[in-house]
Amino acid sequence: MLEKLLTYKPGTILQGTYKAYGNRFGFVLTDEKYEDIYIAEKDAGSAVNNDIVEVEIMKSKTGRHSTEGRIIHVITRANTTVVGTYEMTRYGGEVIPVDEKINMLIEIPSGQECQAVTGARVVVEVTKWPGRYTNAEGKIIEIIGYKGDKGLDIDIIVAQHKIPHVFNTDVMKEAAALCQDIFLEKNMADFRVQELVTIDGSDSKDLDDAIYCELKDNGHYRLGVHIADVSRYVKPRSALDKEAYQRGNSVYLADRVIPMLPFELSNDLCSLNEGKERYAISCIMDVDPNGIVTLEKITPSIIKVARRCTYPEINQAFDEGIVSDGLQKFLPMLTVFKECTHLLRKQREGRGALTFDFPEYKVALDEKGAPLRIIKRERGEAERMIEDAMIAANETVASFITRENFTAVYRVHDQPNQEKLDILRQMINVLGINIKIPADVKPKDMQQLLEFVKGKDIAAVIEVMALRSLPQACYSTENVGHFGIASSCYTHFTSPIRRYSDLLVHRLIKQLLYKKLRKSEQEKQMEFLKKAVDHISMTEQNATDAERETTELKMTEYMEPFVGEPFDAHITGVTKFGIFVGLENGVEGLVHISTMDDDEYVYNEESMQLTGHFNGVQYSLGMPVRVTLIKADKDKHEIDFIMGEIHSPLQLEKSNRKKKKPHSKKVKRRYIRIRR
């Protein structure tokens, strides 16, 4: 049984984060042990979504919310810039935010419109926040584009997430001035004679890892993971370094890549391109027949990739025995590599590492950015082999740095959230799964659950709920281990072209090998790293959110022509306001309870089911259903279905009328203009 949340007493004043829902109400989130505080529109003051606010608890006026409050002060603004649509007026202009959660009108005084005209999508800097009787004011600092511009929809998402996407002149000059020559230096290993290969996606441009594997006389494997030495070119406090730090990582969106480093580095000088000599940091490991890894050496090196391989051709070679041109020569080495990675995988699974086999989907776009089809990404043997090798290298490097009691940047994944574990336990009981999740949960316990449901109809639902119980992995200078990989010591070392965390780790390795820091230098470095890990964890989450939004956007756009058509689906979520369903192509949407008019449905929180009061029909997680698409709103990324099939346009129109409409986009003007 879930623990009941606590409530605050009326008159209490406290701080929290304001979360707006549409433009009619919101909640203030405080301690997770306490119920969220309901904020009516009139009590929100000038607070905007994600602001840190001071709130006073009030006695509930309606009885619908046990905890209600009013915002009395905005402590910290979450955003000083807003993305919106500009409209010219006789007094200058106005910007209406694209995000419905930002419920304010921003007036643009004459001369501050940056030459924008009506209809422009813009970024506006707020110079004056709204008062009780006044609108906000601002100045336009960027024109994103106009309706009809190619890629405008994704440009807006990029702007909303404040993702830097243009390199300044200093960065580009510094990149252009980098030396292209490669020289073998003292204390540098030479692996140019080894027949190294890269294995990546067919459309990958930034290749930062190469591998080589051989079977030794003692029955052990020697596995070499060679990573592009970005630290050779991106020096601390340089323009390139400051820009890479600000970005934190590359961002992979539906129609573009926004790189952490200029293309001169990411796609050329640092990329391990076939036949090109490159600087690298090489991690050479010994893997015994039980999959136990021992470090042989970590060293700066020079390498030359003998062949660029792709996931599809490696999978085809191993699965179908079809070997593409030029691959035959490397097949013996790749076979040894495959054997080695199987040992690594078996050892990792043996200690309890979790494997979530979620299907991934990519929306293929035409040259104008319109969606053509949704492609399911298959993870084959090649993808798993590379993953196994990279995990082994990341663990080995983390252990190497930690053994030396050196400052480190860890990739950490904490224990599951107990409240969310309770929800998972409740679901397990409802579904009749005879698996116990103990209070002191270990990776093995979660692994046992995932193995039990594998191949069953409920597998996808259990995997999602298990994943939701886990915290977000992040970066830290404190080593708390990695729950998902069941590792006591883990870092990110293998992708320095696209992750600043890995670049930091490369620098730490070189310090450990060649330059011992004085105590004062170590203290100063630790101070920087503590700030850096928080920053790059934030940029990573921001990039993940933007990537998800662009995929949802293009999936919704793809579904627009199919309004009125039926689909087979399965239930992915059940709530008191409706049922979430997923299609075979990865698209998800909502069946709102207001459209389920064949009965009065009652939500049972204990069993997570909707049950018909009269007919007894039950809707539960994982259940297959037949649904009809009634709405695909690209602007709001919303997809709505109804249960069953529709046989006429009139029926479709009727269903849409029944669906409760979301609050309108109309932004309230806080006062009536009399004069200027």
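The lining of the second largest pocket divides into 10 nonpolar, 3 polar and 9 charged residues, where Ala, Val, Leu, Ile, Met, Phe, Trp, Tyr, Cys and Pro count as nonpolar, Asp, Glu, Lys and Arg as charged, and the others, Gly among them, as polar. Before I go on, this is a predicted model: local features need pLDDT of at least 70, side-chain atom pairs count only at pLDDT 80 or more, and totals for chains, interfaces and linings use all residues. Residues are numbered from 1 along each chain as its sequence is written, and side-chain values use heavy atoms, with hydrogens and water left out.

Back to that pocket. A pocket here is an open set of points on a 1 Å grid over the protein atoms alone, with protein on both sides within 12 Å along at least five of seven lines; a cavity is a set of points where a 1.4 Å probe fits but cannot get out, and lining residues have an atom within 4 Å of a point. The second largest pocket holds about 800 Å³ of space, a volume being the space filled by probe spheres set on the points, with grid points joined across faces, edges and corners. It has 22 lining residues, and P236, R237, R507, Q511 and Q525 are the closest to its centre.

Which helices each supply at least two residues of that lining? They are helix 3, helix 11 and helix 12 (519–559); helices (H or I, at least four residues) and strands (E, at least two) are DSSP runs numbered from the N terminus. Helix 11 gives the largest share, 7 residues.

Two of those helices turn up again with the aromatics. There are 13 aromatic pairs, where rings of Phe, Tyr and Trp (its six-membered ring) pair if their centres lie within 6.5 Å, and planes under 30 degrees apart count as stacked, over 60 as edge-to-face and the rest as tilted. Take Y245 and Y500: the ring centres are 5.5 Å apart and the planes stand at 80°, so this pair is edge-to-face. Y245 sits in helix 3 (residues 239–247) and Y500 in helix 11 (residues 500–514), so the pair ties together parts that are 255 residues apart in sequence. Y245 and Y500 are both buried, meaning under 20% relative accessible area, with exposed over 50% and partly exposed in between (1.4 Å probe, protein chains only).

Elsewhere, Y21, F25, F27 and Y38 make up one aromatic cluster. For those of you who like cation–ring geometry, R77 lies over the face of W129, 3.9 Å from the ring centre, and R232 lies over the face of Y279 at 4.0 Å. The rule is that NZ of Lys or CZ of Arg is within 6 Å of the ring centre and within 35 degrees of the ring normal.

W129 also brings us to the cavities. How many cavities of 30 Å³ or more are there? The count is 2. The largest has a volume of about 40 Å³, and its lining consists of M427, V430, L431, S607, M608, S620 and L621. By class that is 5 nonpolar, 2 polar and no charged. The second largest cavity comes to about 30 Å³, and W129 is among its lining residues, along with V48, N49, D51, N79, V82, I102 and M104. Here the split is 5 nonpolar, 2 polar and 1 charged.

On to the strands, which pair if DSSP finds at least two bridges between them. One open sheet of 3 strands runs in the order 26-27-28, with antiparallel pairing. Strand 26 (601–604) and strand 28 (618–619) are at the edges with a single partner strand each, so one side of each is left without a neighbour in the sheet. Strand 26 and strand 27 (residues 609–612) are joined by 4 bridges, with V602 partnered by T611.

Further along, strand 29 (residues 624–633) pairs antiparallel with strand 23 (residues 566–575) over 5 bridges; there, F567 stands opposite V627. Strand 29 also pairs antiparallel with strand 30 (residues 638–643), this time over 6 bridges, and D633 has E638 as its bridge partner. Strand 29 and strand 30 form a hairpin with 4 residues between them, and H637 in the turn has a positive phi of about 60°.

Is the pairing of strand 8 (residues 106–109) with strand 10 (residues 136–145) parallel or antiparallel? Parallel, over 2 bridges, with E107 opposite E137. Strand 9 (residues 121–128), by contrast, runs antiparallel to strand 10, with 7 bridges, and R121 has G145 as its bridge partner.
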